[in-house]
Amino acid sequence: MRVNLTVNGRPLTADDVWEGESLLYVLRERLGLPGAKNACEQGECGSCTVRLDGDLVCACLVAAGQAEGAEIRTVEGLAEADGRLAPIQAAFVETGAVQCGFCTPGLLLAAEDLLARVPRPADADIREALSGNLCRCTGYEAVLDAVRLAAARAAGAPDPAGAGPTPERRP
Amino acid sequence: MGVVPPPSGLTQRGDTAPQATGGIGESTQRPDGVLKVTGEFAYASDLWHQDMLWGHTLRSPHAHAEIRSVDIAEALAVPGVHAVLTHRDLPAATHYGLEFTDQPVLAVDRVRYQGEAVALVAADHPETARRAAARIRVDYVELPVVHDEASATAPGAPVLHPDRTDHHAAHVPHPNVVHRQPVISGDVAAAAPTAEVVVRGEYTVGTQDQAFLGPESGLAVPAEDGGVDLYVATQWLHVDQRQLAPVLGLPPELVRLTLGGVGGAFGAREDLSMQAHACLLALRTGRPVKMVYNREESFFGHVHRHPARLAYEHGATRDGRLVYVKGRIVLDGGAYASSSAAVVGNAASLGVGPYRVPHTHLEAIALYTNNPPCGAMRGFGAVQACFAYEAQLDKLAAALAMDPVELRQRNALCQGDTMPTGQPVDSPAPVAELLRLVRERPLPPERPWEVPAAGGADGQVGVDLRELPGGLANTSHGEGIVRGVGYGVGIKNVGFSEGFDDYSTARVRLAVVAGEPRVTVHTAMAEVGQGGVTVHAQIARTELGVSQVNILPADTRVGSAGSTSASRQTYMTGGAVRNTCLAVRAEALRLGRRRLGAGQPGWDEPGLRLVDGKVVTRDGAVLAGLAEVLGDEAIDLELEFRHRPTQPFDRETGQGFGHVQYSFCAHRAVVDVDVELGLVKVVELAAAQDVGRAINPRAVLGQIHGGSTQGLGLAVLEEILVGPDGTIRNPSFTDYLIPTILDVPPMPVDVLELADEHAPYGLRGVGEAPTLSATPAIVAAIRQATGLELPRVPVRPEHLTGT
């Protein structure tokens, strides 16, 4: 079958899609957009998180045909048109929230969604919002730092502790 | 679109802060960070070729069976299928392995574990390959399984590898024992009567999975010269190459590997997974072949952490001095050896923990069974032992009515002490200090779920469910919640031990490009997420005084870097980069003297340095710019770097200078336990670790946080459940639970930097030690809250409720 999508503002068409293919497969293997990752194929890990008509979804759980005509936003669409990183992307890089990075695309989408809804989230809000995104490398501490940093910058506040060039150490 | 290649090189300037140089000791940013947040970083599973086929593996459903026949005719007839391979199609060597060559590339006449590879399919769509594989008819006759020590060593037990030729085979008590290592010091029999207090315990550690997020994957591309180019997510390119070449029947130089982007590793990529299979399919079909495991297949496609049973006896004086430790550690290696023998060596040699023990009698063994194969996982034998010996220390403290931290400090290992292996501890071992640091941290507030009630009168409290055990499942509003605090400390070796010739290689090129000196660093180090690429650039900047450093992709065109494991890469490949940079610097200075030194006495001074692209004297006087020194000449050197030699452990006594370096971490865990429902919330997990020198402080914290979290997972969540028939019950992220951000508490960290004079920059490997002590600290805290013995991990709700 043919599937028509608008991905990151660009209309795209995938042909010869088998009915069993997921939105994730079509993005990754047919449309040349491998940013969303496949790590569990059960909607448990959040690595394939994209926006579908504005809603966060696990692209592995959406049949490609279900997404016909939808607006999709992936990690490839987060940065500005001129290549400047979105604030949440910059914050992830600066705080060390990226190690292997396989979970990063999904976490970025989920964090961006949180900050759009809750501009100054408490830590418990961040944890709740990101609890569908597994990370195996960071222990999430730097991920929390990144979301706090992006939130503080959006509010014009000084960078919070833990976000500066020298992390907590003693003695 | 042609090939989507792995990153073509990572260039970064050292200008993260105005005064920064981007050298060692700074928290410089990852050179691959921007690629990873924009989705452009090419993981091995993202690689694509316009002509490529998809490979799929047919695996055994049985843990132990004879194969009578394999019929591939129906599978071959499926439209879109290009090849189906069985062991009959193997062109050369039929077995491979890291240390023992005992694993069939494809099963011959017998499968020894559930998930063993039996046949391969290449097709034009992954679903076509899967469906064709389902049409392969394998006639199995099930065999009795061995699944623990008793069944593996019983009279008449099936021998899993009857024709062993490995170097341990002649020394083991039973052919189903992979390796046995005793460690004997002092005289336990003579000393035991002098112990005034004795505690005993038997402990069990479940099977943990590395659960990296990026499943096994790679793309094999056949080459015109008859060779193959493999782009793959691995931990050690050259050990893959060494195993692949004989299987493919090719000389090693025709088996070229390039690192694809790696989505985590933690030990699970040390053994081959899809490497040989994809190459075989590519060479057979003449087409590029991509293989990507899904999560379920990943659980069968790599080795796990050894499950273990441990029995310990600790004797001490009434004032809390350890007199002796007796112990026996049984590790289940599963069907194939992988790195089990080295895991045994670690468990035995580190088996008493970071304590001074005058008399020791330990024995560790690994079994061959029909359970899932086990091998490397972060902590490598030291994790299992740490859970048991730390439980014993708590038990001993209780028997002595002594504070558990004080008991540990009283017996804490120090520099100058001797390990039970006879190896002197010849660099800082701040065990007591690490315990002090975690204990002296302020405790988190009690009843953290109590919050001011929304709209309520002053003093009224509401409940934030997210701070409670059970969380948003709304299982408690604070009833039945008991707090506990526990401690743990551990010891891990760094680098490859027991006489292994452990080395790394770095090629460094210094040249002037567009009027500016630039450095190119080429190693085969597997960047798996740890940040080695960041560190290499920092080291090159520090040693060569050049801000712009290009890190080339890791491949087999340069010498081996050894494995990204054993907490060794910053020490070893970082050391190799430093070593080569020093040689390049010497060469640059020699060139400068020759070209510019005539009549310039400054060039003959000792201690010339390279700073900001210039040659400067010790006093800071500038002699020349590097551009002037080099002209159009490039300095390009490739050198190997070795750590100090180690020795094998004596087979009967375990004596020997077996380890390169030790690494220490301590944890304090604070938990809230719903004692009625058996639910645990870890409230805080504080760590203190000595890292010798933090080359990149932020990356160090990332390792400590990540390692601690994997220890938390083993404490309360993570276990591959294997039935008595050897089959896995929970091969998915729905049923195998790794910690989410809601399961992980705040993790404050203290970092000590006490230099190890034997190591580059004094650094100490960081990655594994935090994985050890987190687990026993959390379980100790749960014990304090519940009063239960809890001799196994992970602790599950039914262990707390007795239901």
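Here a biologist and a modeller chat about chain B of a predicted model.

Modeller: Quick ground rules: local features need pLDDT of at least 70, side-chain atom pairs count only at pLDDT 80 or more, and totals for chains, interfaces and linings use all residues. Residues are numbered from 1 along each chain as its sequence is written, while chains are lettered from A in the order in which they are written.

Biologist: What makes the radius of gyration of chain B agree with a compact globule?

Modeller: The radius is taken over C-alpha atoms, and the globule rule is 2.2 Å times the number of residues to the power 0.38. For 803 residues that gives near 28 Å, and chain B has 28 Å, so the two agree.

Biologist: Why is helix 7 of chain B called largely enclosed?

Modeller: A helix here is a DSSP run of H or I with at least four residues, a strand a run of E with at least two, both numbered from the N terminus. A residue is buried if 20 or more other C-beta atoms, placed from the backbone, lie within 10 Å of its own. In helix 7 (residues 275-285), 9 of the 11 residues pass, so the rest of the structure largely encloses it. Among them are H277(B), C279(B) and L281(B). Right after the helix comes G286(B), with a positive phi near 70°.

Biologist: How do you know that strand 26 pairs with strand 27 in chain B?

Modeller: Pairing takes at least two DSSP bridges, and these antiparallel strands have 3. One of the partners is V615(B) with A624(B). The two strands form a hairpin with 5 residues between them, and G620(B) in the turn has a positive phi of about 95°.

Conventions
A residue is buried if 20 or more other C-beta atoms lie within 10 Å of its own, exposed if 12 or fewer, and partly exposed in between; C-beta atoms are placed from the backbone.
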